[in-house]
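Here are a few notes from going through the side chains, mostly on aromatic rings. Have the structure open while you read.

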Amino acid sequence: MLPDPGASAAVLIGTSSYDFLVDLPAVANNLTSLAETLRGPASWNLRQDNCTVLADPVGAEAVMDALRDAAATARDTLLVYYAGHGLVDPEGELYLGLPRSRQQRVETGIPYNWLRRALLEGTAERTVVILDCCYSGLALGMMGSSDLAAQADVEGTYLLAAASETRQALAPPGETHTAFTGELLDILGRGIAGGPEKLDLDSVLRQLRTALTAKGRPVPQGRGRNSNGRLALGWNAAFSRSPLGSDASGGPAELRSWPDPAAVHTAQGFLDALGQVRIVSGLTHAAVALRSGGGVAAGTVSGLLNRKDLPRTWKTTGIYLTACGVPDEQVDGWRRAWERLRAEAPATGPASPAVDRGRARGGRAASVWSRVVRRKGGD
């Protein structure tokens, strides 16, 4: 399942320049690339103001303010990422390095317990923590003890940690990204051959372990709670998606991994999920229009998917979903989600003419076609 982008947030923290520790220049590239990925349609499609990037923050206060703000507003999923030096205080507790951090001087960084408390006090249903950091900072990108995942664990959170043996380099010189984040970005961009349609966290962790082990690099750890491993970071670009079949039973369409409208909490999430329906169907705007039998034009499909508010009427959305091949019982679920969201936040502006106009010429044919498609299961 993919999170609702309108009710989710990400806070990306990275320290690349240090006064007293070895610099990690690749961390700056990590932040830029991961933010672009999370804001893209193949991943979470986050708005820019829902994806906060903190590069080389000078103090803990700015970081904690951003974390608390995100934790208080995200209702669906909150992702927190840190890249830089991970350090250990005299009591063996983890703290995250900032530009002026020193060894065993916890007051110069961010105690991980502070981050833990902020997450536990948040409102998000799911939380993801990604740690691309080291303990010692004695050499460029050297990792620390393998119990990092245990220290960083938070109830109800899925943790990805780039922890491994101290012999292994985390940030190979000359590479654009650190080893762990570079591999993560590659998976999110290229996908997993033979993998699932959506890049769920469990599948991503398995691929990270396989790929990094093959390269002789640190082997990441992962730990999940409350089935968060099924949460997806994006769509699998390497997934082999066959065209919609013509079998009367509608089998291929029934087996497709359609977005779940019950998981949508906001108008933006609803509209984004509608766009993902078209991606899953493998159809272009023109092909959806053709399959609608005149019910919607290609421009109407585009207008529906580029709206900023919910359609005021259901008709066009229903025709669109049916034309994409969504099974009848699932279309009913979409309508219930639309009705729920309309009741929670009724639209105040006029309807979009291109979308709410409904059927183009040939409306009678479209109605007949829609009924036939529903009887056949949406193929």
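**Notes on rings and one helix**

1. Tryptophan 314 and tryptophan 338 are both buried. Keep in mind that this is a predicted model.

2. How many aromatic pairs are there? The count comes to two. In one of them, the rings of phenylalanine 270 and tryptophan 334 have centres 5.5 Å apart and planes at 75°, so this pair is edge-to-face. Phenylalanine 270 belongs to helix 8 (residues 267-281) and tryptophan 334 to helix 12 (residues 328-344), so the contact ties together parts 64 residues apart in sequence. As for exposure, phenylalanine 270 and tryptophan 334 are buried.

3. Back to the two tryptophans. The ring centres of tryptophan 314 and tryptophan 338 are 5.7 Å apart with the planes at 45°, so that pair counts as tilted. It links distant parts of the chain, 24 residues apart: tryptophan 314 is in the loop between helix 10 (298-305) and helix 11 (315-324), while tryptophan 338 is in helix 12.

4. There's also a charge over a ring to look at. Arginine 102 lies over the face of phenylalanine 20, 3.7 Å from the ring centre.

5. Which residues of helix 3 (residues 112-120) are buried? They are Tyr112, Leu115, Ala118 and Leu119. Look down the axis of helix 3 and these buried residues fall within an arc of 120°, so they line one face of the helix. As a reminder, an α-helix has 3.6 residues a turn, so residues three or four places apart point the same way.

Key: Residues are numbered from 1 along each chain as its sequence is written. This is a predicted model: local features need pLDDT of at least 70, side-chain atom pairs count only at pLDDT 80 or more; totals for chains, interfaces and linings use all residues. Side-chain values use heavy atoms; hydrogens and water are left out. Rings of Phe, Tyr and Trp (its six-membered ring) pair if their centres lie within 6.5 Å; planes under 30 degrees apart count as stacked, over 60 as edge-to-face and the rest as tilted. Helices (H or I, at least four residues) and strands (E, at least two) are DSSP runs, numbered from the N terminus. Buried means under 20% relative accessible area, exposed over 50%, partly exposed in between (1.4 Å probe, protein chains only). A charge sits over a ring if NZ of Lys or CZ of Arg is within 6 Å of the ring centre and within 35 degrees of the ring normal. The arc is that of the directions from the helix axis to the C-beta atoms.
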